[in-house]
Amino acid sequence: MFAQLFAVMAPVLAGAGLGFTWIRLGHDYPVAFVTRLVFNIGTPALVLASLSGAEIDAGSFGRTMLAAALVITTMAGAAFVLARLLRKDWRVMLAPSMYPNTGNMGLPVVLYAFGEAGFAFGITVMVTVSLFQFTLGTMLASRGNPLKSLAKTPTVYAILISLSLLLTDTELPLWLANSVDLISGFTVPLMLITLGVSLASIQVRSLRSGIGFSLLRIPLAALTAWGIGSLLALPPMAHGILILQMSMPVAVFNYLFAQRAKREPEYVASLVFCSTLLSLIYLPILLAILM
């Protein structure tokens, strides 16, 4: 199990390592340009490519989506407590507390652990997290009119289109699906390389704080997902996947939002990095319990 889990996480570590090494060698990296490219082109393409072909019925989709939304909302409240404990601005802690890496890390782990039958539930949780992240997250990260910023966010439209395709069982034309799939391919690598660029300037005290945050957030998210899933009487597979997905490491997108809003991006990068490393330890244990 560890070898297969490491195979999922190795690309995350490799991508960040590339960015880290690039900066340590003294090369320039256009962080602002890459961030705009990922947000405005790469991410909408990635959402369409990931969600447009998923198979799940409307009833299961809605019930699991409600459970995930309640977990995210609860974790938003917990962010204020975590901010006080770690002596940080709540605006810095809010997104990392709410948004785990349910996409490029969560989905492969769900597929490995639960197979095709559980993959649709993994997609559902990812859709919910993305919807919160690219609506509320965009508004919080904006420096001007938040509604205007939201209206100018292409990922929001990509999510709405994907939801329409899912609920109407419609597929993109082959030419468009192939084009979106091709363009989406640069998104995750650029995200990870940009993360590594920021990690190159992290100080030791940020790493200690990142580990402390992870040790607080991960069990809290797992227990919250377990409680809400039990309250809503989710089917066992959906319940297990909800717990697994919401316990994933801090999403890389949180770093990009922090970079965009100029809210301690180096610290947020340390949260992503530390939680990802710790997941090598806790995910096998969590999988053994859930499976």
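This section describes helix packing, an internal cavity, a buried residue and two loop residues in a predicted model.

Two packed helices are described by the angle between their axes and the distance between the axes. In the predicted structure, helix H12 (236-246) packs with helix H14 (residues 265-290) at an angle of about 170°, and the two axes lie 10 Å apart. Angles over 145 degrees count as roughly antiparallel, and H12 and H14 are therefore roughly antiparallel to each other. On the H12 side, the contact is made by Gly240, Ile243 and Leu244. H14 contributes Leu283, Leu286, Leu287 and Leu290 to this contact. Classified by residue type, the contact of H12 with H14 comprises six nonpolar residues, one polar residue and no charged residues. The polar residue is Gly240, because Gly is counted in the polar class.

Helix H14 also takes part in the lining of a cavity. Rolling a probe the size of a water molecule over the atoms shows where empty space is left. A search of the whole structure yielded two cavities of 30 Å³ or more. The second largest cavity holds about 40 Å³ of space. Its lining consists of Val12, Leu13, Ala16, Leu195, Val272, Phe273 and Thr276. At least two of the lining residues are supplied by helix H1 (2-24), and at least two by H14. The lining divides into six nonpolar residues, one polar residue and no charged residues.

Val34 is located in helix H2 (residues 31-51). With a relative accessible area of 7%, Val34 falls under the 20% limit and is therefore buried. When residues up to four places away in sequence are not counted, Val34 touches Tyr29, Leu190 and Thr194. The C-alpha atom of Val34 is separated by 9.7 Å from that of Leu256, although these residues stand 222 residues apart along the chain.

Positive phi values were computed for two loop residues other than glycine, Arg87 and Ala233. Arg87, in the loop between helix H3 (58-86) and helix H4 (90-98), has a phi near 60°. The relative accessibility of Arg87 is 77%, over the 50% limit, so this residue counts as exposed. Ala233 is placed in the loop between helix H11 (204-231) and H12, and its phi is about 55°. At 48% relative accessibility, Ala233 counts as partly exposed.

Methods. Residues are numbered from 1 along each chain as its sequence is written. This is a predicted model: local features need pLDDT of at least 70, side-chain atom pairs count only at pLDDT 80 or more; totals for chains, interfaces and linings use all residues. Side-chain values use heavy atoms; hydrogens and water are left out. Helices (H or I, at least four residues) and strands (E, at least two) are DSSP runs, numbered from the N terminus. Buried means under 20% relative accessible area, exposed over 50%, partly exposed in between (1.4 Å probe, protein chains only). Axes are lines fitted to C-alpha atoms, for helices over the stretch in contact, and angles run from 0 to 180 degrees between N-to-C directions. Angles under 35 degrees count as roughly parallel, over 145 as roughly antiparallel, 65 to 115 as roughly perpendicular and the rest as oblique. Contact means heavy atoms within 4.5 Å. On a 1 Å grid over the protein atoms alone, a cavity is a set of points where a 1.4 Å probe fits but cannot get out, and a pocket is an open set with protein on both sides within 12 Å along at least five of seven lines; lining residues have an atom within 4 Å of a point. Grid points are joined across faces, edges and corners, and a volume is the space filled by probe spheres set on the points.
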